Amino acid sequence: MAFMNAKTLIKLCDKCYWNPLTQTVIEDNHILVLTSSMTKLLAILIDHYDKPVSSVDIFFHIWDDYEKEFNPKSVRNLISNLRKRIPCLIINNYYGGRYVLKKYRDNVPNITDYVLEILDQAKNGVTISDPNLPDNPIIFVNEAFSELFGYTSEEVIGRNGRFLHGEDRDQISLKEIQKALQEERDITVTLRNYTKEGELIFNELTISPIFDKKTEKLKYFLGVQKNVTAIQKLIQQIKRML
Ligand SMILES: Cc1cc2nc3c(=O)[nH]c(=O)nc-3n(C[C@H](O)[C@H](O)[C@H](O)COP(=O)(O)O)c2cc1C
């Protein structure tokens, strides 16, 4: 067996590691047999860990252009086979044929990878906060949230959601949110928020409490962020005209 140094292993998901020296996957201490195309696919995704890789780049990494003509379907099928072979991998696809191998999220132990993957594919921003930690910090954001506000998940996790309105606190809805959170009930409001670049976004925010099924105690808050900037601007324009 090839020499393995535990320090060189990259954790892909629970009990599943990538050995970059031998280009193999070790699952539960066994080498997982993959086809050579799957191995090449995994290698390029790991090289771009948490960053998007285009379908074309993946294709030409796996097949030479003289060997096969570019076809996004071949990449899609291979991705789907790899997902089936290693179900715990989080590979997201984005509009325009880009794929991202997401970081394994150790910090959200009670939410399964499967749920996280579904949330990651949602079109609206999704955030989860933990009200049992001081100042109710965000513990999860999906990809759509990062795209909308321009912050990576690392820049958001651990902060209270109020950083999105920053100094713009003269908003009646903020008091309504405070009250709803205290009373542990759903709320939908529209807030003025700002992207990392400082651009104004009208955010239709829905927050819902999530209770533990057994203890019935409040466990998380789920936030859904919808960009309603265009419609809000239209409403303001119409109001000015009347
Ligand atoms: C799950 C969740 C998501 C939130 N998302 C946002 C958000 O996108 N934008 C925002 O301005 N506030 C958001 N908030 C609201 C703030 O975190 C905070 O509750 C609000 O500013 C009122 O409290 P405060 O007066 O203590 O700041 C969110 C809250 C929760 C619980």
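Student: How do helix 1 and helix 2 sit, relative to each other?
Tutor: This is a predicted model. In it, the axes of helix 1 (residues 36-47) and helix 2 (residues 55-62) cross at roughly 135°. Helix 1 and helix 2 are therefore oblique to each other.

Student: And within what distance do those axes come?
Tutor: They come within 9 Å.

Student: Is the crossing of helix 1 and helix 2 left-handed or right-handed?
Tutor: Right-handed.

Student: Which residues make that contact?
Tutor: From helix 1, Ser-37, Lys-40, Leu-41, Ile-44 and Leu-45 take part. Helix 2 brings Asp-57, Ile-58, His-61 and Ile-62.

Student: What classes are they?
Tutor: Five are nonpolar, two polar and two charged.

Student: OK, on to helix 3. At what angle does helix 1 pack with it?
Tutor: At about 90°. Helix 3 covers residues 72-85, and the two axes are 10 Å apart. Helix 1 and helix 3 are therefore roughly perpendicular to each other.

Student: Which residues meet there?
Tutor: On the helix 1 side, Ser-37, Met-38, Leu-41, Leu-42 and Leu-45. On the helix 3 side, Leu-78, Ile-79, Asn-81, Leu-82 and Arg-85. By class, the contact has seven nonpolar, two polar and one charged.

Student: What about helix 2 with helix 3, what's the angle?
Tutor: About 80°, with the axes 9 Å apart. Helix 2 and helix 3 are therefore roughly perpendicular to each other.

Student: Who touches whom in that pair?
Tutor: Helix 2 offers Ser-55, Ile-58, Phe-59 and Ile-62. They meet Pro-72, Ser-74, Val-75 and Leu-78 of helix 3.

Student: How many of those are charged?
Tutor: None. Six are nonpolar and two are polar.

Student: New topic, the ligand. How many residues surround it?
Tutor: There are 21. The closest are Asn-160, Arg-162, His-165, Gln-178 and Asn-193.

Student: Take Asn-160. What part of it lies 2.7 Å from the ligand?
Tutor: A polar atom of its side chain. The partner is an oxygen atom of the ligand.

Student: And Gln-178, how far is its side chain from a ligand oxygen?
Tutor: An N or O atom in the Gln-178 side chain is 2.6 Å from an oxygen atom of the ligand.

Student: What about Gly-161: backbone or side chain?
Tutor: Backbone. A backbone N or O atom of Gly-161 lies 3.4 Å from an oxygen atom of the ligand.

Technical notes. Residues numbered from 1 in each chain as written. Predicted model: local features only at pLDDT ≥ 70, side-chain atom pairs only at ≥ 80, totals over all residues. Heavy atoms only, no water. Axes fitted to C-alpha atoms, helices over the stretch in contact; angles between N-to-C directions. Helix = DSSP H or I, 4+ residues; strand = E, 2+ residues; numbered from the N terminus. Parallel < 35°, antiparallel > 145°, perpendicular 65-115°, else oblique. Left-handed = near helix turned anticlockwise from the far one by under 90°. Contact = heavy atoms within 4.5 Å. Nonpolar A, V, L, I, M, F, W, Y, C, P; charged D, E, K, R; others polar. Near = heavy atom within 4 Å. Polar contact = N/O pair within 3.5 Å; in protein donor to acceptor, adjacent residues only side chain to side chain.
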